[in-house]
Amino acid sequence: MLAIIPAKKNSKRLPNKNIKLLGGKPLIAHTIETAIKSKLVSRVLVSTDCPKIAKISKKYGAEVPFLRPKKLTIDKSGKFEVCKHVVDFLTIKEKIDISAFVVLQPTSPLRSVKDIDKAIKIFKKNNADSVVSLCKTKPLQWHCYIKKNGSFYSAIKKNIKNKSLTKNSYLLNGSIYVFRTSFMNKKKNYNSKSFSYVMPMERSIDIDDIEDLKIAEALIYKKLKKWKKNH
């Protein structure tokens, strides 16, 4: 299974986000090292437009066979366009058929090797079109939207059945996506042949701003402290 790690240079809310230090190493290094340790990932490739990110990625063991074209660095370029470029590049250059791949965003540094392997196993077991990682979130009845004037209203539609409010709610955490290439070309995250992999909240953090980075640092420190205590 090919692992694709998309990592562009620009980040509006946290500049140079993908190479910010976390636990003493660049953010992207955590995802690269975890992917390499996976028993079900055969190769790890980083798609980036930044020479510095490319250099760091190679240092930690990832392949960076090209710098991403400028047209794929704009905000409108989603993961499908980026992944299609990777698949097309390898198909033409190496004459290989990539029927499926896993996408691992560097902004989810706390996922484990088991998380990756379990998601891929779910994909294979169910002959799925896609598998996405989720985590539990607060009940739907807690969700609200805030208006510009500060007033708020429930995010729940009026016609929703009360029975559904008692069910667990889940949120896409952006950590793991496994796609069948033919399904990826349809530019959809999921359909009736899509399956979930649920991750715990402590491994589901998505680095979007400096506060997220601080939380991740605290969680890594806690994990390291626990490891030292048991060894």
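Tutor: A pocket, on a 1 Å grid over the protein atoms alone, is an open set of points where a 1.4 Å probe fits, with protein on both sides within 12 Å along at least five of seven lines. Its volume is the space filled by probe spheres set on the points, joined across faces, edges and corners. The model is predicted: local features need pLDDT of at least 70 and side-chain atom pairs 80 or more, while totals for chains, interfaces and linings use all residues. Residues are numbered from 1 along each chain as its sequence is written, and side-chain values use heavy atoms, without hydrogens or water.

Student: OK, how much space lies in the second largest pocket?

Tutor: About 660 Å³. Its lining has 24 residues (each with an atom within 4 Å of a point). Lys8, Asn10, Lys17, Gln105 and Thr107 lie nearest the centre of that pocket.

Student: And the largest pocket, how much space there?

Tutor: About 890 Å³, with 25 lining residues. Nearest its centre are Leu110, Leu219, Ile220, Lys223 and Leu224.

Student: Which elements give two or more residues to that lining?

Tutor: H1, helix H4 (113–125) and helix H6 (210–230) do. Helices here are DSSP runs of H or I, at least four residues, and strands are runs of E, at least two, numbered from the N terminus. H6 provides the largest share of the lining, 10 residues.

Student: Why call H1 largely enclosed?

Tutor: Because 8 of its 11 residues, in the range 27–37, are buried, that is, under 20% relative accessible area with a 1.4 Å probe and protein chains only. The buried ones are Leu27, Ile28, Ala29, His30, Thr31, Ile32, Thr34 and Ala35.

Student: What about serine 38, buried or exposed?

Tutor: Buried, at a relative accessible area of 5%. Serine 38 sits in the loop between H1 and strand S4 (43–47).

Student: Which residues does serine 38 touch?

Tutor: Leaving out residues up to four places away in sequence, serine 38 touches Val113, Ile116 and Asp117, where contact means heavy atoms within 4.5 Å.

Student: Switching topic, how many disulfides?

Tutor: The search of the whole structure finds 0, a disulfide being a pair of cysteine sulfur atoms within 2.5 Å.

Student: Why is there no bond for cysteine 83?

Tutor: The closest cysteine sulfur, in cysteine 50, is 19 Å from that of cysteine 83, so it is too far for a bond. Cysteine 83 is buried, with a relative accessible area of 1%.

Student: Where does cysteine 135 have its nearest cysteine sulfur?

Tutor: In cysteine 144, 19 Å away, and cysteine 135 is in no disulfide. Cysteine 135 is buried too, at 3% relative accessible area.

Conventions. Buried means under 20% relative accessible area, exposed over 50%, partly exposed in between (1.4 Å probe, protein chains only).
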